[in-house]
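Student: I have a new structure to read. Can we go through it step by step?

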Amino acid sequence: MLCFHLPDTALHQPPQFLVRGQPRPVPERPERVAAVLEALRARGDRVEDAPAAGPAARAAVHTPEYLAFLETAFARWSALPDAAPVVIPNVHRGPDMLSYPSSVVGQAGFHMSDTACPIAEGTWRATVAAADCAVAAARAVATGGEGAAYALCRPPGHHAGRDMAGGFCYLNHAAIAAEEARRLLAARGRPPRVAVLDVDVHHGNGTQGIFWRRDDVFFASVHGDPAEFYPFMAGHAHERGAGAGLGATLNLPLPLGSSEDAVLRAVEESLAAVARFAPSVLVLSLGFDTFKDDPLAAFAVTTPGFARLGRAIAGAGLPTVLIQEGGYAVDHLAANLSSFLDGFEG
Ligand SMILES: [Zn+2]
């Protein structure tokens, strides 16, 4: 497998976030990068540094205001008197609040959907590096003749919307990869149709929102039922897209505690829908927090079960861009990724 990595993805090290109002250590830790690299090197995968993609790939998905906020927020926040060493909002955007704020405190409330996306000193450089990895993998698959490529993205990205961070996510690396693949496909006269399949245990609400009204990007997600699980306000089965995009979104929420077989059945169902859409490229939002012992666990997927998942997804027979999302059982991350890739390439 051709893999892309950049050391800057380890720079994001927020000291805390808020859980039920309490400051807590962040389980999305830089050690995740080292664990994944260990797995890739042990497998003998080709690991390359991703070149800088530049701002256009990020601007294809995110708004100028949001990108400027992410890049400058930590420095501006740190200049405030008595500020914590991490940006966490204390105001939030409401439907009757109509003006874009100039203060970084107001902008934090405007652009951060929860208290689980703290911005620290290295956050911007880390998510930009992750986006660079995603773009490199998309280019390798859409024009480089690779059947698949893996992007070691950290922090994850699928909860990030067009102008909103949330759930450990800042830039939406899967959406950036999908748009880059579309651009390259169109330039080569191929149908610029991309499907995003999200198998992280959490619903990819950011990705869904970005492509909600689009009929050229299909979004399918298998995840813990948001009736009782993050992100609560998106990912319900009745959400199917809108306007031209009506029917191009598929949500398959599963009850918390679902078995590996139930997860596999739902992934097979989503792959059948992807096949009907007939994309030129598949972008996979690959989370390992479906693992039975993940600290955020809701499903019971075993390490050998990830090989079954990999085989099922490879069975789609599509050029595939693999984007790393969640997975917080750091001691098991290498084994789970190895198992998935063994199944995918098997
Ligand atoms: Zn997740």
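Tutor: Here are some short questions and answers on this predicted model.

Student: Which residues are the protein donors of the zinc ion?

Tutor: Look for donor atoms lying 2.0 to 2.1 Å from the zinc ion. Along the chain the donors follow the spacing D-x1-H-x86-D. The protein donors are Asp200 (OD), His202 (ND1) and Asp289 (OD).

Student: How many residues apart in sequence are the parts that Asp200 and Asp289 tie together?

Tutor: Find the two loops. Asp200 lies in the loop between β6 (194–198) and α7 (205–210). Asp289 lies in the loop between β10 (281–286) and β11 (299–300), so the pair ties together parts at a sequence separation of 89 residues.

Student: Are Asp200 and Asp289 buried or exposed?

Tutor: Buried means under 20% relative accessible area. Asp200 meets that cut-off, and so does Asp289: both are buried.

Student: Which residue in β12 is the bridge partner of Tyr150?

Tutor: Start with strand β5 (residues 148–151), where Ala148 and Tyr150 point one way and Ala149 and Ala151 the other. β5 pairs with strand β1 (residues 2–5) in the parallel sense over three bridges, and there Tyr150 is the partner of Cys3. β5 also pairs with strand β12 (residues 320–324), in the parallel sense over four bridges. In β12, the partner of Tyr150 is Leu322.

Student: Why do the side chains of β5 point two ways?

Tutor: In a regular strand the side chains alternate between the two faces of the sheet. In β5, Ala148 and Tyr150 take one side, and the other way point Ala149 and Ala151.

Student: Which helix gives the most to the largest nonpolar core?

Tutor: This core has 58 residues, and Phe4, Phe69, Ile119, Val321 and Ile323 touch the most other members. Phe4 touches residues including Cys133, Ala136, Ala137 and Ala140. With 14 residues, the helix that gives the most to this core is α5 (residues 123–142).

Student: How many residues are in the other core?

Tutor: The other core lies apart from the largest one. Among its members are Val201, Ala220, Ala266 and Leu271. The count is 52 residues.

Student: Which elements do the buried residues of α9 pack against?

Tutor: Helix α9 (residues 303–314) has twelve residues and reaches 17 Å from its first C-alpha to its last. Its buried residues include Phe306, Leu309 and Ile313. They pack against β6, α8 (260–277), β10 and α10 (330–345).

Terms used
Residues numbered from 1 in each chain as written. Predicted model: local features only at pLDDT ≥ 70, side-chain atom pairs only at ≥ 80, totals over all residues. Heavy atoms only, no water. Core = buried A, V, L, I, M, F, W, Y, C linked by side-chain atoms within 4.5 Å. Buried < 20%, exposed > 50% of the residue type's maximum accessible area, 1.4 Å probe, protein only. Contact = heavy atoms within 4.5 Å. Pairing = 2+ DSSP bridges. Donors = N, O, S within 2.8 Å, 3.2 Å for Na, K, Ca; no water. Expected span 1.5 Å × (residues − 1). Lists of a residue's contacts leave out its neighbours within four places in sequence.
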